[in-house]
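Hi,

Here is the structure I said I would pass on. Have a look at it first, and then read my notes underneath.

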Amino acid sequence: MTKFDTLLVANRGEIACRVMRTARAMGLRTIAVYSDADANARHVREADEAVRLGPAAARESYLNVAAVIEAAQRTGAGAIHPGYGFLSENGAFVEALDQAGIVFVGPPASAIAAMGDKSAAKARMAHAGVPLVPGYHGDDQDDALLKAEADKIGYPVLLKASAGGGGKGMRVVESNAGFQAALDGCRRESQAAFGDQRMLIEKYLTQPRHVEVQVFCDAHGNGVYLFERDCSVQRRHQKVLEEAPAPGMTAELRRDMGEAAVRAAQEIGYVGAGTVEFLLDFSSSSSQERDGAFFFMEMNTRLQVEHPVTEMITGQDLVEWQLRVAMGEPLPLAQDELTITGHSFEARLYAEDPEQDFLPATGTLTRFAMDLEGAGLDPQRVRLDSGVESGDVVSMHYDPMLAKLIVHGSDRDQALATLNRALAALDVQGVVTNRAFLQRLATHPGFKNAELDTRFIERHEATLFAPRRYSIEEYAGAALIGLNQLARECESDSPWDRHDGFRLNAPHTIRIALCDPAHAQDPDDSEAVVVVEGRRERGTDTTWHLAIGGDTLTASLQHLEGDAVAVTLNGHRRRLQARRDGHVVVMVDPRGEARLFWRRIDAIDHGHHEAESTLTAPMHGTVVALLVEPGQRVEKGMPLMVMEAMKMEHTMTAPADGHVENFHFQGGDTVGQGDVLLEFAADESPQA
């Protein structure tokens, strides 16, 4: 038994806060570490003590093994919890902790090494009788050989970084022609993320489900599985929505996958929490033997991002299990003592813009809150694991995940309904997020019917990203919110200074145009005009009379708590979250999010300025590669340069036919959001 009373969490953000929450409940003193970019971060504020590691760059702070160990020694920390990412699967770090006499809350270095090299891991799994996907896992990394192996396996194939994880260094290759470009891109990403360019190749199953099993082993030879999670809904091989248990699982399939996962863990002498990931194939229903077949993908030798859904259905605190096992205690429960209760979902909230190809976003969170009581949600069934609060800055230096929203229900339908209400109650301002996209996913008929596979988002792209059609109620609600803002801005008693449609001896009249923000610079036929034909004030209540097309509405707006409002239209009252971001009105309820660009058309109109195509940096990041030469003629859409930000590559393309006159940055340079990257000259249009 190796007891410790002080725990250092070698991580940041949501997972650091989550680990410290359990550690404090167990009576442990908690130590945070931070980079210069995180000096005022939430995990630093919540820890008993905090130690600076170094500059913002992860390699100089959170990945600095010597600095982390020195911080533990300075503060008397007897153990280090790595969270996920950073040093969580670094065998050299574990060995250094062993030498320093510090407990690592995780598996031994030998187990990390066994699974860290994916090629070698495949051989170990075959020995343990765990099913494998056909592929190439060899040491020979010659380009021609890799291409020949891909040809032999048959397209599509999946290129994966041998030392990778989290979707980094991973791409689907659809044909022989695209193999080399995909290989080059994967190697760049893998080298940047893991310092390792080795690749493996697997047959890409066209409609598999991604189902993983939570395993736990102790140092006394015990091993159990805490059932499975379905993580099929992904983008760029990164999980977006997870749930437990996996829909459609039979008791027999659950047992077979669980026992295979425990065999995988025990094959490598595993200790602690781990996740064995499988591809589950339900597509081969013509063959009874293959229907429901599963294949080993990889093992994550750490706690997973999505572990809360397992906690929700089992009632177990997996971090507490980790800490007790690290102290040398046996597993708290045996396999036959573990049961599943209800259903759980987790939605990952990212600072990113789904409408701009999920471009990562930075900035200051002016508001970050969730009104559970106002939304009628049970705090026992809704959990928000976050590493941020209102006022925090979202940095360019790290993963853009802000929080995880986890819900529980008695069954899948109830849990999904709770998820939708909770997403609507989540109020995030100041930074663009994927919250509205998560709502579209959670309300999609295919997802509601559990028609899941790893290409779900790709298959339903047309509906998930379809142009929004707005209802009369949404147009009226947006008009009301804009009108309310106008009324608030009228501070003068003089009628000459008012901007709310006041007219002497006549009803207030205002004409408002509303359209999708994407069309704000060039409104199309979808623009709606709301005519405000009158206003009546009674005490603190204001009633407006609206005309939208052929419909007339009597409307009022009542402010509730925070950003919650009640909109009443012809006697029908609806509660929603509402705010204005400049000229954009944002309205959210359990049915989804509506965003409408709001402008008056009865006042002086200075006109719309045509959006100028500029090649500016969409985020803070680093230039990875310049793909063309100055003066070289290019066609519209042709890749010009590659940026790296938040651990992902982003390709800048030509906005039109033309040529690059010059680049303002070179490979390796750091750029800021909005920096002009290059001078581009478009071809002149032919004269009529």
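Below is what turned up when I went through a strand, a helix, a small sheet and a cavity.

One thing to keep in mind is that this is a predicted model.

Let's start with strand β7, which covers residues 157–161. Is β7 enclosed by the rest of the structure or left open? With 5 of its 5 residues buried, β7 is largely enclosed, so don't expect to see much of it from outside. The cut-off behind "buried" is under 20% relative accessible area. In a regular strand, side chains alternate between the two faces of the sheet. For β7, V157, L159 and A161 sit on one side and L158 and K160 on the other, and both faces are covered. Note that K160 is among the buried ones.

β7 also has strand partners. It pairs with β8 (residues 170–173) in the antiparallel sense, through 4 bridges, and V157 has V173 of β8 as its bridge partner. The pairing with β9 (residues 199–203) is antiparallel too, this time over 5 bridges. There, A161 is matched with M199.

Next, helix α10, residues 307–314. All 8 of its 8 residues are buried, so the helix is largely enclosed by the rest of the structure. That list runs H307, P308, V309, T310, E311, M312, I313 and T314. If you step just past the end of α10, you reach G315, which has a positive phi of about 75 degrees.

Further along there is an open sheet of 3 strands, in the order β33-β36-β38, with antiparallel pairing. Why do β33 (633–634) and β38 (678–682) each have one side without a neighbour in the sheet? They stand at the edges and each has a single partner strand, so nothing in the sheet flanks the other side. Between β33 and β36 (residues 658–663) there are 2 bridges, and R633 stands opposite H659 of β36.

Finally, the cavities. There are 4 of 30 Å³ or more, and the second largest holds about 70 Å³ of space. Which residues line that second largest cavity? They are L426, D427, V428, R435, D563, Q577, A578, R579, V586 and V588. Two or more of the lining residues come from each of β23 (426–429), β29 (572–581) and β30 (584–589). By type, the lining splits into 5 nonpolar, 1 polar and 4 charged residues.

Shout if you want to go through any of this together.

Cheers

Notes: Residues are numbered from 1 along each chain as its sequence is written. This is a predicted model: local features need pLDDT of at least 70, side-chain atom pairs count only at pLDDT 80 or more; totals for chains, interfaces and linings use all residues. Side-chain values use heavy atoms; hydrogens and water are left out. Two strands pair if DSSP finds at least two bridges between them. Buried means under 20% relative accessible area, exposed over 50%, partly exposed in between (1.4 Å probe, protein chains only). On a 1 Å grid over the protein atoms alone, a cavity is a set of points where a 1.4 Å probe fits but cannot get out, and a pocket is an open set with protein on both sides within 12 Å along at least five of seven lines; lining residues have an atom within 4 Å of a point. Grid points are joined across faces, edges and corners, and a volume is the space filled by probe spheres set on the points. Ala, Val, Leu, Ile, Met, Phe, Trp, Tyr, Cys and Pro count as nonpolar, Asp, Glu, Lys and Arg as charged, and the others, Gly among them, as polar.
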